[in-house]
Amino acid sequence: MTTITRSLRMLIVMTIMTGVIYPLVITGIAMICFPVKSTGSLVYSQGRVIGSELIGQKFTFPGHFHGRPSFCDYSTLPSQGSNWGPGNSVYLSTLKQRAVNYREENNLSSVQVLPPDAITFSASGLDPHISLENALLQVSRVATARRIPENKVKQILFVEAARDKAIFQKPVVNVMKLNVALDSVGGIY
Amino acid sequence: MILLEWILFLFLFLGLVFLMGKYMSSVYLGEDTFFTVIGKPLENLIYKTSGINPAEEMNWKQYGLNLVIFNLLGCLVVFLLQVIQGYLPLNPIHAANVHWDLALNTAISFMTNTNWQSYSGESTLTWLVQMLGLTVQNFLSAATGMAAMVAMLRGFTRKETDKIGNFWVDLTRGTVYILIPLSILFSVFLISQGVLQTFHPYQHFYTMENQSQVLPTGPVASQVAIKQLGSNGGGFFGVNSAHPFENPNGLTNIFEMAAILFLPLALVLSFGYMVGNIKQGLAFLISMLVILLLGTGIVWWAEMLGNPLLIKYGIAHGVSMEGVESRFGVLISSFWGLLTTATSNGSVNSMHDSLMPITTLVYMFNMGVGEVVFGGVGVGIIGMLYYALLVMFLAGLMIGRTPEFLGKKLGPREMYLSVIALLVPPILMLIFAAIALMIPSTVGCMNNSSAHGLSELLYAFLSGAGNNGSAFAGLNTNTLYYNFSLGITMFISRFVTILPALAIGGSLAEKKSIPESSATFPTTGILFIAMLIAVVIIMGSLTFFPVFTMGPLLDHLFMIHGKVY
């Protein structure tokens, strides 16, 4: 009996310490020191939220760079990957279709080698980045759609990619930030 | 340049591991450290409010009883919180009460340090459950594992007594001096990089192309910090550390990997310091590193070989990025998987279901041998000690001498207990997996068919039996059979690891200590290390070879020969 009462009292004390005080103290520190980062790194345009720079969103306009395909179509509740095994026939046939679509969309030849992230589903379904190779293949489409020179688009791409360069991380570019930068330059799309 | 960064990081990390190893041994031996000024008053306050006499000493049965009762109560609380969560506050998504079988599975899962998740946190659980239930068990299950290890070690250091310490003291010290301070530091770092920590409601908005999207929110960082440090692995979100809100960039990724490894690695050294034989700690460390490096070689070979089926669709070199985040890439992601299955962490930053079959074979092997390559906090060393006792027994047979380890003679009782602890989890999981294969509705839960489907199912039960918690997430395990059988597997495996450890500690403590002689088999040399590695690999291969052949190995052969399913 004493074992049970002691266990219960210990559990209550530990719950208050690690389940209430600990998360609240951390939240307090977060609010004071990192008010933007701790609340989702939101991006605003004309006073309204247009997304989080960490969470990928769906881009389909030809004048925007497109993110990776997403199994959950960038829905967040819950987000998920495909969980298809390497030899899954559904996986392979949809992959084939996505490769065709990607080549068509970007006006690429049928022998063009594709960067792997261009047509595969990410793990979270919310991958905010694409590889630089992937972005470069989209430059011509974006420039044509916006009716601005390719060099201009490339220049913006490299500026953004340099900004996203980080330690212990693959060279990638944040699609949303890239598109925000493009939109601020203008062009029709 | 990039290589230099990694090497620098590695050295800094190893330096910290040594310091931490020493610090933790001081904590459990009750010596003063720099943190005592803050820790001691808090520790005493906890004893006072819980009515505990820290000077009381327990024999192994009392120690075990307190441990089990405390864990069961914790489990009950998590269960109850979930089944009535709909009536409780901090429920921004108006989540309904969790169904009893899922709630039971989750409660056992977090109490046993497994953190298997048959649900997605962001759409199933309330913040209250995540905080009061899951975060609390993240701390307590880790502290319990460490306490069990310390109690077992006292068997080697004490003589002619049946007392192996005080569970409440070991539990409290682990929490107050080790887990809480580290978690606070780590949480703040994570938040500085963009991991969420907020009680703002979910953010609804329209994207740049006017599509509606919702951003989930919550106290994420405080849970992610302890989930990585305490070998827990249960994510705030369903996709775990692949979610940008849990693991936003390369820096958080490498720090989370370091956190996964930190305490398990440091505890190997603490073990050395605590038994007064740091060379023994280093011998274990080297054995574990060798197995890890072997695994790394195989995994990286498999990932670089890639998926030949992808080449004909024009993917460069067949590199398989399916289920991999672009900021991490395949090499770092597959290495993470190795760490998370070598320790009993179980968090993922890629979808293991989509990785190369040989990669996942190594993961399954890591879990199958009982996670002794560093292993879970505390229980990793316990597992390795079981293997070490087995090695000493084998060595004893070879040289015709009663086996001894760290100055204690090993008798039949220690051998029985070690073998039970090593064999029960694999037997249990193989039986449950076999039954699952005979139930049509259970087979229907697979996301992939053929050999890969078998891998999905195997992985789930290996993960449960190893108290790991990582998954082939394609398998839908939120069914009555899976929730129940995985729950039982996790429960039994956890206690069949911990209780024999306490019993061995108790029985060794009663023995006299015998001085080392010239005939003693040296347990710190190359011969011992080689035997230990061999025993781990042979045991794992003998147990799992047939079923691994039908699962991941066949899956690999199908893939390279272009056979799809």
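**View 1. A:Val43 and its partner across the hairpin.** In this predicted model, A:Val43 sits opposite A:Gly51, a residue of strand 2 of chain A. The two belong to a pairing in which strand 1 (residues 42-45) and strand 2 of chain A run antiparallel, joined over 4 bridges. If you're following side chains along the strands, keep in mind that in a regular strand they alternate between the two faces of the sheet.

**View 2. The turn at A:Gln46.** Just 2 residues lie between strand 1 and strand 2 of chain A in this hairpin. Look for A:Gln46 here, which takes a positive phi near 50°.

**View 3. Where chain A meets chain B.** Here 92 residues of chain A are in contact with 110 residues of chain B. Put the two chains together and about 8,200 Å² gets buried between them, with carbon and sulfur atoms giving 67% of that area.

**View 4. A salt bridge between the chains.** A:Arg6 reaches B:Glu56 in a salt bridge, and their closest N and O atoms are 3.1 Å apart. The interface of chain A and chain B has 2 salt bridges by the rule used. Polar contacts between the two chains come to 37 residue pairs, counting those with both residues at pLDDT 80 or more.

**View 5. What chain A brings to the interface.** Several elements of chain A each supply at least two residues to the side that touches chain B, among them strand 2 (48-52), helix 2 (89-105) and helix 5 (175-185). Helix 1 of chain A has the largest share, with 22 residues. Sort that side of chain A by residue type and you get 45 nonpolar, 34 polar and 13 charged.

Notes
Residues numbered from 1 in each chain as written. Chains lettered and ligands numbered in written order. Predicted model: local features only at pLDDT ≥ 70, side-chain atom pairs only at ≥ 80, totals over all residues. Heavy atoms only, no water. Contact = heavy atoms within 4.5 Å. Buried area = accessible area lost by both parts, 1.4 Å probe. Salt bridge = Lys/Arg side-chain N within 4 Å of Asp/Glu carboxyl O. Polar contact = N/O pair within 3.5 Å; in protein donor to acceptor, adjacent residues only side chain to side chain. Nonpolar A, V, L, I, M, F, W, Y, C, P; charged D, E, K, R; others polar. Pairing = 2+ DSSP bridges.
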